[in-house]
Amino acid sequence: MEVLAVVTSAAFVVLLVAACITDLRARLIPNWIVIAMCAVWLAGEIVEIAICKISLPDAICSLSTNIAASLIFGGGLLLFTLAFEAITNKSSMGGGDIKLLAACALYLGLQRSALCLLIACAVSIPLALIIPHTPFAQKDEGKGALPFAPAIAIGAIIAMVF
């Protein structure tokens with residue numbers, strides 16, 4: 001059982017790193033990364049259910065809890081972003097960031113996802129000051145187009161550990 005948790009956690013971290021790299025380079029989080037994260041989570045859950053011979057009601061409860069967390073965070077952030085952009089006429093969090101946070105919520109559940117988002121927001125402030133002075137800087141940095149995946153990854157890893 002612990003081996004399965006280590007394997008799925010390692011795959012999760014590798015995909016988070018891939019999201020960070022693509023976001024830093026192109027300010028984009030490809031859908032394949034988010035889909036792979038969801039697929040690895042689901043495969044891990046299915047294997048755990050099969051190995052532990054978890055009853056169907058317990059399996060549905062376990063799966064639905066994390067899917068609900070994903071919908072709450074993904075949907076909530078989407079609504080917040082759309083409202084912010086409509087009110088301020090400024091762009092906000094990108095769709096890739098929202099999908100990445102929703103995928104992270106599958107792994108983390110509701111409470112750890114809240115911690116992840118809190119940490120990601122806090123970490124994004126120093127990253128916003130550092131990234132423009134690195135080789136990953138782009139000419140639109142001053143307009144607020146900063147990659148959020150590194151902050152999400154840091155938040156997710158810290159939330160996973162605690």
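Helices here are DSSP runs of at least four residues, numbered from the N terminus. All the views below come from a predicted model.

**View 1. Four helices come together around the second largest pocket.** Helix 1 (2-26), helix 2 (31-52), helix 3 (56-88) and helix 4 (95-130) each put at least two residues into the lining. Helix 2 chips in the most, with six residues. The space inside this pocket comes to about 430 Å³.

**View 2. A closer look at what lines the second largest pocket.** There are 21 lining residues, and Thr 8, Trp 41, Glu 45, Glu 48 and Tyr 107 are the ones nearest the centre. Sorted by class, the lining holds twelve nonpolar residues, along with five polar and four charged ones.

**View 3. Leu 100, a buried residue of helix 4.** Leu 100 sits in helix 4. Its relative accessible area is 0%, so Leu 100 counts as buried, the cut-off being under 20%. If you're looking for Ser 9 as well, it is 91 residues from Leu 100 in sequence, and the two C-alpha atoms are 15 Å apart in space.

**View 4. A nonpolar patch on the surface.** Ile 154, Ile 157, Ile 158, Val 161 and Phe 162 make up this patch, and together they offer about 450 Å² of accessible area. Val 161 belongs to helix 5, which covers residues 149-161. With a relative accessibility of 61%, Val 161 is classed as exposed, because that label applies over 50%.

Terms used:
Residues numbered from 1 in each chain as written. Predicted model: local features only at pLDDT ≥ 70, side-chain atom pairs only at ≥ 80, totals over all residues. Heavy atoms only, no water. Patch = residues over 30% accessible without salt bridge, like charges linked within 9 Å, V, L, I, M, F, W, Y side chains within 5 Å. Areas by Shrake-Rupley, 256 points an atom, 1.4 Å probe, with all protein chains shown as cover. Salt bridge = Lys/Arg side-chain N within 4 Å of Asp/Glu carboxyl O. Buried < 20%, exposed > 50% of the residue type's maximum accessible area, 1.4 Å probe, protein only. 1 Å grid on protein atoms, 1.4 Å probe; cavity = no way out; pocket = protein on both sides within 12 Å on 5 of 7 lines; lining within 4 Å. Points joined across faces, edges and corners; volume = space filled by probe spheres on them. Nonpolar A, V, L, I, M, F, W, Y, C, P; charged D, E, K, R; others polar.
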